[in-house]
Amino acid sequence: MEVDYIIVGLGLAGLAFTKELDAHKKSFIVFEDHSQNSSIVAGGMYNPVILKRFTPVWNAIEQLEIALPFYAKLEKQFNKKYDFPIDIYRIFKSVEEQNNWFIACDKPLLSNYMVPQIINKKIEGVLSAYGFGKLTNTGRIETKSLLEDYKKYLTDRNLLKNESFEYAELKINDEGVEYKNVKASKIIFCEGFGLTKNLFFNYLPMQEAKGELIIIHAPKLNVDFLIKASVFVLPLGNNYFKVGATFNWKEKTNLPTEEGKQELMTKLESFITVPYKIIEHTAGIRPTVKDRRPLVGKHPIHQNLAILNGLGTRGVMIAPIAAKALYHNLEENVVLDKEISIARFQ
């Protein structure tokens, strides 16, 4: 088999890059072993505001200008809804936070999202002595459903191989690469936390952060917006909510833990007082980088090997724009922004 590209990994990064290849009529084959599930268990929120400090997310406006049309095209392709606009209510913990909110509302990059008033409405079962700050023009991408549909799409077209990639089997030459019975001009690694086993790119400084989430059923919690406090509470419909997430910098497994569940419950119950039942408990490893920027670019020696990784907690926003940048770098020699290029670690 001969293709233009081999892709390793099919989370949000792999999906975004294959769509870029599709748009430019490039052929590809994907290898995916389902060992990494950070894209599936993610909250999937897009929001240009860092809610801890009320500051702009890096490059957020540019990211959203690419990301929202990207997901709209996928909705049209599969005739299914993945993008669910939803407001965010940030619980204030003090008068100082209220004041900081109003200061941030005046910033040009944030004024289209942050409502310049304190929301004082009482919500049954929610503790909010200092009220809420409201964000609009935000939302969530249903990543699990999207990835499942896209994997089926690729499987039906024989473009997806459900098997682990064996790095030692990769042969590199001047014309491209060869892996088992597949020849390609280039190979792109999008394997998330799997980077640690990658013989070619494991020198890059990834800081993996395990995250755990729970889905709860709370019949008396009647909200149609995301509540953000020490954890987020994201409505899924019919009084089901996704609650998360933990940050564990030491453990490197995808298995949910009792400690993680107890942490989520303790934080949830610090501001939610209605009864609830845990329906599901999941975990995943976020591929994060110390400087909170993605890992994009060619291998320093083997120019037909490249990486698209390190999307962190905002993968739904970063993946489409980073995939586009990598494609134009590989095909048209467009220089990568130094903030995302892996050359910053060489």
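Let's start with two helices: α1, covering residues 12-23, packs against α5 at an angle of about 50 degrees, and the two axes are 11 Å apart. Keep in mind as you look around that this is a predicted model. Angles from 35 up to 65 degrees fall in the oblique class, so α1 and α5 are oblique to each other. As for the sense of the crossing, α1 and α5 make a left-handed one.

Helix α5 has another partner. Look for α3, residues 60-78: its axis and that of α5, residues 143-156, come within 12 Å and cross at roughly 55 degrees. Once again the angle puts the pair in the oblique class, so α3 and α5 are oblique to each other. The way α3 passes α5 is a left-handed crossing.

Stay with α5 for a moment and turn to charges. Which side chain does Asp149 meet in a salt bridge? It's Lys80, with 3.1 Å from N to O. This pair links distant parts of the chain: Asp149 sits in helix α5, while Lys80 is in the loop between α3 and β6 (83-85), and their positions lie 69 residues apart in the numbering, as they are 69 residues apart. Lys80 has a relative accessible area of 37%, so this lysine is partly exposed.

That's one of the 15 salt bridges counted in the model. Another one joins the side chains of Arg140 and Glu142, at 2.8 Å from N to O. Is Arg140 buried or exposed? Its relative accessibility is 8%, and buried means under 20%, so Arg140 counts as buried. Glu142, at 21%, is partly exposed. Elsewhere, salt bridges with shared partners tie Arg90, Lys93 and Glu97 into one network. Within that network, the side chains of Lys93 and Glu97 meet at 4.0 Å, N to O. The ends of this bridge are worth looking at one by one. Lys93 is exposed, because its relative accessible area is 62%. Glu97 has 12% relative accessibility, so this residue counts as buried.

Next, some backbone details. Most residues other than glycine have a negative phi, and most peptide bonds are trans. With that in mind, have a look at Asn137, a residue other than glycine whose phi is positive, near 60 degrees. You'll find Asn137 in the loop between β8 (132-135) and β9 (139-141). With a relative accessible area of 53%, Asn137 is exposed, because the cut-off for that word is over 50%. Asn333 also has a positive phi near 60 degrees. Its place is in the segment that follows α7 (315-332). Asn333 counts as exposed too, because its relative accessibility is 59%.

Where does the chain have a cis peptide bond? One runs from Gly244 to Ala245, with omega near -5 degrees. Ala245 belongs to the loop between β17 and α6 (258-268). Thr246 lies in that loop between β17 and α6 as well. With 3% relative accessibility, Thr246 counts as buried. If you trace from Thr246 to Leu159, you cover 87 residues along the chain, and the C-alpha atoms of the two are separated by 35 Å.

Strand β17 itself, residues 240-244, is where Tyr240 is placed. Tyr240 has a relative accessibility of 33%, so this tyrosine counts as partly exposed. Which residues form a nonpolar patch on the surface with Tyr240? They are Leu236 and Ile279, and together the three have about 240 Å² of accessible area.

One last stop is Val223, in the loop between β14 (206-217) and β15 (226-228). Val223 is buried, because its relative accessible area is 11%. From Val223 to Ala283 the distance in sequence is 60 residues, and in space the two are 25 Å apart, C-alpha to C-alpha.

How values were computed. Residues are numbered from 1 along each chain as its sequence is written. This is a predicted model: local features need pLDDT of at least 70, side-chain atom pairs count only at pLDDT 80 or more; totals for chains, interfaces and linings use all residues. Side-chain values use heavy atoms; hydrogens and water are left out. Patches are made of residues with over 30% relative accessible area and no salt bridge: like charges are joined within 9 Å, nonpolar side chains (Val, Leu, Ile, Met, Phe, Trp, Tyr) within 5 Å. Accessible areas come from the Shrake-Rupley method with a 1.4 Å probe; for residues, only the protein chains shown count as cover. Helices (H or I, at least four residues) and strands (E, at least two) are DSSP runs, numbered from the N terminus. Buried means under 20% relative accessible area, exposed over 50%, partly exposed in between (1.4 Å probe, protein chains only). Axes are lines fitted to C-alpha atoms, for helices over the stretch in contact, and angles run from 0 to 180 degrees between N-to-C directions. Angles under 35 degrees count as roughly parallel, over 145 as roughly antiparallel, 65 to 115 as roughly perpendicular and the rest as oblique. A crossing is left-handed if the near helix is turned anticlockwise from the far one by less than a right angle, and right-handed if clockwise.
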